[in-house]
Amino acid sequence: IIEAKRLASRCNSINELRDVVKSFEGCEIKKTSTNTVFSDGNPNANVMLIGEAPGANEDIQGIPFCGASGMLLDKMLRAIDLDRTKVYISNTVFWRPPGNRKPTDLELDMCRPFVEKHIALVVPKILILVGGIACYSLLDNIKTISKLRGKFHTYTNQYMSTSITTAAIFHPAYLLRQPQQKHLAWEDLKNIREYLNSNS
Ligand code: URA
């Protein structure tokens with residue numbers, strides 16, 4: 001974790017950060033993965049999304065949210081006039097946890113300096129935390145996503161001098177399992193659209 005912090009603090013561009021993450025050997029899940037999954041989309045976008053962890057498709061292709069969850073995420077984005085040219089996407093960890101288990105606290109702690117630096121380099125107008133794990137790692141390690149969604153939060157970290165408006169939304173994988181919750185996600189997406197309309 002100390003090494004991750006040291007490496008992250010030195011990066012001055014997204015390309016540098018990508019190279020540092022790709023060659024970082026501290027995280028055990030890298031050993032069982034095929035690819036480092038760093039990001040997708042537009043690094044100059046106003047909107048940055050942080051998901052949970054790469055799954056099987058992401059691991060093979062090296063692109064975040066390119067499987068079934070990604071298809072629903074793209075639909076959700078399209079519903080509020082966004083797509084991958086208008087958003088930037090990454091995750092709380094850069095490698096697939098074996099068998100799609102949740103990332104451990106150690107894995108989250110080790111990747112967090114890179115995620116923090118990533119957000120500090122992008123400086124989006126709004127940060128969207130996709131699912132409970134992203135909220136747990138970056139926003140609040142006690143409150144559940146059900147408590148955190150539905151309102152805006154402010155986010156900052158050790159590499160930032162300002163704070164960023166932040167929303168939490170249900171993870172598309174959860175919505176695929178619990179489609180009756182989609183109406184809440186729709187409320188959250190509409191609030192994000194409204195925020196972008198009045199702040200750009
Ligand atoms: N789920 C995530 O949280 N991230 C991905 O990249 C893919 C699925």
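Is F94 buried or exposed? F94 is buried, with a relative accessible area of 0%. Keep in mind that this is a predicted model. Below is a quick tour of its aromatic rings, its ligand site and a handful of residues worth finding on screen.

**Aromatic rings**

- Let's start with the rings, where the count comes to 6 aromatic pairs.
- One of them joins F24 and F114, with the ring centres 5.0 Å apart and an angle of 70° between the planes, an edge-to-face pair.
- F24 sits in the loop between α2 (14–22) and β1 (40–41), while F114 belongs to helix α5 (residues 105–122), so this pair ties together parts that are 90 residues apart in sequence.
- Both partners, F24 and F114, are buried.
- F94 and W95 make another pair: their ring centres are 5.9 Å apart and their planes meet at 75°, so this one is edge-to-face.
- W95 has a relative accessibility of 0%, so W95 counts as buried, and F94 is buried with a value of 0% too.
- Step back a little and you'll find a cluster, in which ring pairs link F24, F38, F94, W95 and F114.
- A general tip for reading such pairs: two aromatic rings are described by how far apart their centres are and by the angle of their planes.
- There's also a lysine to spot over a ring: K117 lies over the face of Y159, 5.1 Å from the ring centre.

**Around the ligand**

- Which residues surround the ligand? They are G51, E52, A53, E58, P64, F65, N91 and H171.
- Two backbone spots come close to ligand oxygen: a polar backbone atom of E52 is 2.7 Å from an oxygen atom of the ligand, and a polar backbone atom of F65 is 2.9 Å from an oxygen atom of the ligand.
- N91 joins in with its side chain, where a polar atom lies 2.8 Å from a nitrogen atom of the ligand.
- On its own the ligand exposes 240 Å², and the protein buries 93% of that.

**N91, up close**

- N91 is part of strand β3 (residues 87–91).
- Its relative accessibility is 2%, so N91 counts as buried.
- Besides the ligand, the N91 side chain reaches the backbone nitrogen of E52, at 3.1 Å.
- Setting aside residues up to four places away in sequence, N91 touches V37, I50, G51, E52, A53, P54, P64, F65 and V115.
- Several of those names also turn up around the ligand, including G51, E52, A53, P64 and F65.

**Two residues with positive phi**

- A bit of background first: most residues other than glycine have a negative phi.
- F65 goes the other way, with phi near 50°, a positive value in a residue other than glycine.
- You'll find F65 in the loop between α3 (56–61) and α4 (68–79), and F65 is buried, with a relative accessible area of 6%.
- V123 has a positive phi as well, near 40°.
- V123 is in the loop between α5 and β4 (126–130), and V123 is partly exposed, at 47% relative accessible area.

**K22 and its surroundings**

- K22 has its place in helix α2.
- With 46% relative accessibility, K22 counts as partly exposed.
- How far apart in space are K22 and F94, C-alpha to C-alpha? The answer is 8.7 Å, although 72 residues separate K22 and F94 in sequence.
- If you leave aside neighbours within four places in sequence, K22 is in contact with K30 and T36.

**R96 and its surroundings**

- R96 is in the loop between β3 and α5.
- R96 is partly exposed, with a relative accessible area of 22%.
- S33 is 63 residues away from R96 along the chain, yet their C-alpha atoms are separated by 5.9 Å.
- Apart from neighbours within four places in sequence, R96 is in contact with I29, T32, S33, P54, G55, A56 and D59.
- The side chains of R96 and N100 are joined by a polar contact of 2.8 Å.

Notes:
Residues numbered from 1 in each chain as written. Predicted model: local features only at pLDDT ≥ 70, side-chain atom pairs only at ≥ 80, totals over all residues. Heavy atoms only, no water. Phe/Tyr/Trp six-rings, centres within 6.5 Å; stacked < 30°, edge-to-face > 60°. Helix = DSSP H or I, 4+ residues; strand = E, 2+ residues; numbered from the N terminus. Buried < 20%, exposed > 50% of the residue type's maximum accessible area, 1.4 Å probe, protein only. Lys NZ or Arg CZ within 6 Å of the ring centre and 35° of its normal. Near = heavy atom within 4 Å. Polar contact = N/O pair within 3.5 Å; in protein donor to acceptor, adjacent residues only side chain to side chain. Areas by Shrake-Rupley, 256 points an atom, 1.4 Å probe, with all protein chains shown as cover. Contact = heavy atoms within 4.5 Å.
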